[in-house]
Amino acid sequence: MRTTQWADVAAKIAKTGADTELSVPASRLTTYRIGGAVALVVSITKVEQALALHTCISDEFDVVVVGNGSNILISDDGFDGVAVVLQLGDDDTTMSVVESTENTALLDARANIRLPLLARRSAALGWHGLEWAVGVPGSLGGAVRMNAGGHGSDMEKSLFDAELINLRSGHTARVAKQNLGFRFRGSAITDEMCVIGARCQVTRGNAEQSQNEIAEIVSWRRDNQPGGQNAGSVFVNPAQTARSAGALIDEVGLRGKRHGSAEISQKHANFIQADENAMAADVVALMCEAQDTVFDRTGVMMHSEVRLLGFTQEIAHRFLDKHHSHIELARAQETLKSLL
Ligand SMILES: Cc1cc2nc3c(=O)[nH]c(=O)nc-3n(C[C@H](O)[C@H](O)[C@H](O)COP(=O)(O)OP(=O)(O)OC[C@H]3O[C@@H](n4cnc5c(N)ncnc54)[C@H](O)[C@@H]3O)c2cc1C
């Protein structure tokens with residue numbers, strides 16, 4: 001769409017009370033800190049603004065929710081759509097303990113709370129079960145959509161239910177985790193569905209033990225994962241083999257491989273690091289090389305864990321999960337859609 005048309009959409013959305021900003025550099029929205037501009041960013045500070053959004057958005061343009069952007073790569077040409085960013089509550093009001101019995105509780109949190117903060121707060125209060133989440137630098141909403149996980153657990157295990165809004169219809173529902181269509185690093189949640197809050201289940205633990213566990217996870221991450229500009233693991237661990245995506249990339253000799261301003265990490269072969277002011281095209285070129293080389297030498301087809309925004313259909317399709325049953329996913333999406 002043309003800039004003037006985006007300005008009209010922004011003006012309409014601004015009437016709901018949400019903040020709008022045109023042509024926002026992707027570097028401000030993702031941990032890769034590279035890529036072109038996002039046509040329109042809408043910052044939601046009140047749930048009512050998200051509920052009203054459907055009156056302002058049309059089927060003519062794409063809408064996605066951006067959490068902490070720790071699993072997104074935006075193309076150098078940018079993303080000609082709307083990125084919805086949640087800024088609900090503040091640090092002190094984004095989490096509360098509900099339905100607490102002697103040994104169990106539900107932690108109710110806004111979707112924009114960062115997982116490491118949720119993990120640390122839960123641990124400090126003596127609740128056990130969310131320690132794993134300290135190593136995932138995403139928001140709770142992004143973690144639900146991605147079924148984020150690590151250190152023997154994941155959102156599917158930790159979640160009780162999630163509150164969603166369909167941004168295109170304004171319908172809202174609290175959905176039990178069984179209806180979210182979770183699979184390894186994915187769910188049935190689609191772009192029009194915005195997680196605005198979630199309840200995680202935890203058990204009575206010991207604050208000191210949980211904090212020690214958290215310290216061990218943080219130190220393991222420092223030793224085994226690179227810092228800098230990246231989006232964590234690029235490829236999902238393939239279902240066809242017990243070998244991880246990182247092990248496969250390493251096996252075919254691509255650890256440390258550079259392409260222009262990006263590099264397959266020396267420290268963890270499933271991470272692709274971007275230099276400052278890098279090109280997203282260089283990251284994608286390395287993804288293509290890793291996918292092709294691993295397939296040619298091992299017969300394993302890897303698909304992307306990282307969400308690609310603003311790329312061509314060809315690139316988007318290349319990295320889609322072709323192994324997960326489309327019928328199964330479509331069914332899960334239908335079930336979820338019927339609730340919203
Ligand atoms: C250093 C590093 C380490 C990482 N380690 C791990 C790990 O151990 N395990 C793991 O699973 N992941 C890991 N990741 C990836 C990433 O942190 C997770 O996928 C995380 O859950 C993404 O959350 P986010 O808020 O950043 O989502 P984003 O990157 O902003 O978005 C990811 C997807 O979720 C959608 N989304 C975001 N918020 C919402 C919402 N509120 N409602 C609906 N949809 C939404 C987006 O549209 C997009 O499709 C790592 C990333 C980095 C940079």
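How do the residues of the shell around the ligand divide into nonpolar, polar and charged? In this predicted model, the shell is made up of 13 nonpolar, 15 polar and 5 charged residues.

**The ligand and its surroundings**

There are 33 residues around the ligand, and those that come nearest are V65, G67, S70, S139 and G149. Seen by secondary structure, β3 (62-66), α4 (140-146) and β13 (193-204) each supply at least two residues of the shell, and it is α4 that gives the most, with 5 residues. Seen by domain, the shell draws at least three residues from domain 1 (3-86) and at least three from domain 2 (95-219).

Polar contacts with the ligand include the three in the table below, which involve S70, S139 and V195.

| Residue and atom | Ligand atom | Distance |
|---|---|---|
| S70, polar side-chain atom | oxygen | 2.6 Å |
| S139, N or O atom in the side chain | oxygen | 2.6 Å |
| V195, polar backbone atom | nitrogen | 2.8 Å |

In the case of S70 and of S139, then, a side-chain atom lies 2.6 Å from an oxygen atom of the ligand, whereas V195 takes part through a polar backbone atom, which is 2.8 Å from a nitrogen atom of the ligand. On its own the ligand has 970 Å² of accessible area, and the protein covers 94% of this.

**The cysteines**

How many disulfides does a search of the whole structure find? The search finds 0. For C56, the closest cysteine sulfur is that of C194, and because the two sulfur atoms are 15 Å apart, they are too far from each other for a bond; a disulfide would need the sulfur atoms to lie within 2.5 Å. Looked at from the other side, C194 is likewise in no disulfide, with the sulfur of C56 as its nearest cysteine sulfur.

Are C56 and C194 buried or exposed? C56 has a relative accessible area of 9% and is therefore buried, since the cut-off for that term is under 20%. C194 also counts as buried, because its relative accessibility is 0%.

**A buried asparagine in a loop**

Where does N270 lie? N270 belongs to the loop between β15 (262-264) and β16 (272-274). Although it is in a loop, N270 counts as buried because its relative accessibility is 2%. The side chain of N270 also makes a polar contact within the protein, reaching the backbone oxygen of F235 at 2.8 Å.

Notes:
Residues numbered from 1 in each chain as written. Predicted model: local features only at pLDDT ≥ 70, side-chain atom pairs only at ≥ 80, totals over all residues. Heavy atoms only, no water. Buried < 20%, exposed > 50% of the residue type's maximum accessible area, 1.4 Å probe, protein only. Near = heavy atom within 4 Å. Polar contact = N/O pair within 3.5 Å; in protein donor to acceptor, adjacent residues only side chain to side chain. Areas by Shrake-Rupley, 256 points an atom, 1.4 Å probe, with all protein chains shown as cover. Helix = DSSP H or I, 4+ residues; strand = E, 2+ residues; numbered from the N terminus. Nonpolar A, V, L, I, M, F, W, Y, C, P; charged D, E, K, R; others polar. Domains from an automatic or database assignment.
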